[in-house]
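Got your viewer open? Here is a tour that tells you what to select next and what you will find there.

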Amino acid sequence: MNHPCYICGLGSFIPSRVMTNHDLEKLVETSDEWISTRTGIKERHILDDGVNPSDCGLEAARAALAEAGVAPEEVTHIFVATCTPDYLCPSTACVIAGKLGLSSLEGRKGDVMCLDFNAACTGFVYGLELARSIVQMHEDAVVLLVATEGLSRRTNFTDRTTCVLFGDAAGAVVLRSSDRNALWQVRDVVCSSDGSLHDLIKIGGGSACNIKEGDTVGPDWFISMQGMAVFKHAVRSMADESQRILERNGMSFEDLDLFIPHQANLRIIKAVGERLGLDESHVFSNVQHYGNTSAATLPVAMEDARRTGALKPGMKVLLTSFGGGMTWGSALLV
Ligand code: UT7
């Protein structure tokens with residue numbers, strides 16, 4: 001039997017340290033005017049030394065659990081969407097589980113499955129599909145889905161084509177089959193990819209980056225991106241995927257209360273909205289304040305939209321995202 005899947009808690013965490021466009025003017029040959037016009041971004045938040053993506057994810061997770069009225073001990077699965085994990089091993093999910101005091105060994109009735117996955121900026125949408133599949137299969141599952149990124153740790157602050165774009169943040173949701181404290185039901189999710197385009201966005205530091213002790217890191221340690229090519233794919237893929245998910249649910253854009261696209265660039269957000277014929281008032285954006293926080297943009301945008309009153313429980317919301325891989329996808333919440 002397919003059990004329904006509800007989001008019953010939502011939280012986000014933004015590091016307090018702010019880096020403005022004017023701060024970046026002191027690091028590279030750029031200007032507030034260029035960054036604002038080409039991207040819409042005015043500022044981004046950056047992790048302090050000693051604070052890692054797991055710490056931000058933990059704070060977002062605690063907020064989501066508190067809203068859901070779920071104790072950490074009740075969580076059965078922790079899924080972490082990130083392309084900037086604390087470590088290659090252990091998983092950030094295990095680090096967060098440890099910080100939440102969860103252990104499958106003693107004092108628990110059930111087990112906890114901990115898993116990181118990397119779908120870059122599409123991580124939250126992919127994660128909703130993973131969580132939904134688990135909840136549909138296991139009636140008692142309580143899934144904590146965390147999206148957390150420390151992109152500043154892989155940003156080359158001498159490369160003006162990328163360093164103005166990214167920021168750090170985390171978001172989290174709690175999903176289960178019970179509608180107690182339900183905010184939205186995950187009605188449907190679609191996920192896609194095109195691995196032939198895997199070179200368009202890269203974050204180094206994995207095993208392909210063959211660094212020996214004593215070496216200094218080179219460009220392959222950092223984020224690199226072919227911006228214009230990514231831009232075109234992003235607009236087309238997010239628009240097409242959004243149309244596809246609505247069609248297969250017998251809905252149209254007029255049925256939606258809010259459209260929340262991935263927050264990478266205000267020009268992309270506007271172009272997707274225009275392509276779909278959406279009124280600007282129905283398209284949410286907060287990229288101005290955070291830059292592109294990869295997997296974290298969607299849950300952070302949901303939380304901000306809720307804070308401003310643009311998003312309320314039970315509203316019909318379409319999320320869509322696009323990122324490295326290339327990956328893209330959309331999720332319909334009702
Ligand atoms: O989250 C994953 C998905 N990622 C995205 O969606 C990002 C998609 N791409 C973009 O958002 C845009 O392509 C960028 C914001 C990255 C770049 O904007 P663009 O309008 O495509 O600019 P461009 O790369 O074509 O560069 C235009 C000019 C170049 O100078 P020339 O060659 O025309 O003399 C660049 O060197 O702007 C220059 N430039 C800059 N100038 C000042 C590039 N970066 C900067 C900068 N400040 N930071």
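**First stop: a surface patch**

Select Met113, Leu115 and Leu130: together they make a nonpolar surface patch with about 220 Å² of accessible area. Patches are built from residues with over 30% relative accessible area and no salt bridge, joining like charges within 9 Å and nonpolar side chains (Val, Leu, Ile, Met, Phe, Trp, Tyr) within 5 Å. Accessible areas are Shrake-Rupley values with a 1.4 Å probe, and for residues only the protein chains shown count as cover. A salt bridge here is a side-chain nitrogen of Lys or Arg within 4 Å of a carboxyl oxygen of Asp or Glu.

Before moving on, a word on the model: it is predicted, so local features need pLDDT of at least 70 and side-chain atom pairs count only at pLDDT 80 or more, while totals for chains, interfaces and linings use all residues. Residues are numbered from 1 along each chain as its sequence is written, and side-chain values use heavy atoms, with hydrogens and water left out.

Now zoom in on Leu115, which sits in strand β5 (residues 113-117). Helices (H or I, at least four residues) and strands (E, at least two) are DSSP runs numbered from the N terminus. Leu115 counts as partly exposed because its relative accessibility is 31%; the scheme calls a residue buried under 20% relative accessible area, exposed over 50%, and partly exposed in between (1.4 Å probe, protein chains only).

**The ligand and its shell**

Which residues come nearest to the ligand? Of the 23 around it, pick Thr30, Arg38, Arg160, Asn265 and Asn292; being near takes a heavy atom within 4 Å.

Next, draw some distances. Go from a ligand nitrogen to a polar backbone atom of Gly227 and you should read 3.0 Å. One ligand oxygen is 2.9 Å from a side-chain N or O atom of His262, and for the side chain of Arg267 the distance from a ligand oxygen to an N or O atom is 3.2 Å. Polar contacts are pairs of N or O atoms within 3.5 Å; within protein, one must be able to donate a hydrogen and the other to accept it, and residues adjacent in sequence count only if both atoms are side-chain atoms. On its own the ligand has 950 Å² of accessible area, and the protein covers 73% of that.

Color by element and look for α2 (32-39), α6 (160-163), α7 (227-247) and α8 (266-275), the elements that give two or more residues to the shell. The largest share, four residues, is from α7. By type, the shell splits into twelve nonpolar, seven polar and four charged residues. In that count Ala, Val, Leu, Ile, Met, Phe, Trp, Tyr, Cys and Pro are nonpolar, Asp, Glu, Lys and Arg are charged, and the others, Gly among them, are polar.

**Into the interior**

Select Tyr290 in helix α9 (residues 287-290). Tyr290 is buried, at 11% relative accessible area. Val18 is 272 residues away from Tyr290 in sequence, yet the C-alpha atoms are 8.9 Å apart in space.

Then hop to Thr148 in strand β6 (residues 142-150), a buried residue with 0% relative accessibility. A polar atom of the Thr148 side chain lies 2.8 Å from the backbone oxygen of Pro53.

**Backbone oddities**

Show omega for the peptide bond from Cys89 to Pro90: it is cis, near 5 degrees. Pro90 belongs to the loop between β4 (77-81) and α4 (92-99). Another cis bond joins Gly325 and Met326, with omega about -10 degrees, and Met326 is in the loop between β12 (317-323) and β13.

Switch to phi. Asn181 is not a glycine but has a positive value near 60 degrees; find Asn181 in the loop between β7 (168-176) and β8 (184-193). Ser294, also not a glycine, has a positive phi of about 50 degrees and is buried at 3% relative accessibility.

**Last stop: salt bridges**

How many salt bridges are there? The count comes to 13. Start with Asp55 and Lys99, whose side chains meet at 2.8 Å, N to O. Asp55 is in helix α3 (residues 53-68) and Lys99 in helix α4, so this pair ties together parts 44 residues apart in sequence.

Arg306 pairs with Glu303, closest N and O atoms 3.0 Å apart. Both lie in helix α10, three residues apart, about one turn of the helix, and both are buried. Finish on Glu129, Arg132, Asp188 and Arg248, joined into one network by salt bridges that share partners.
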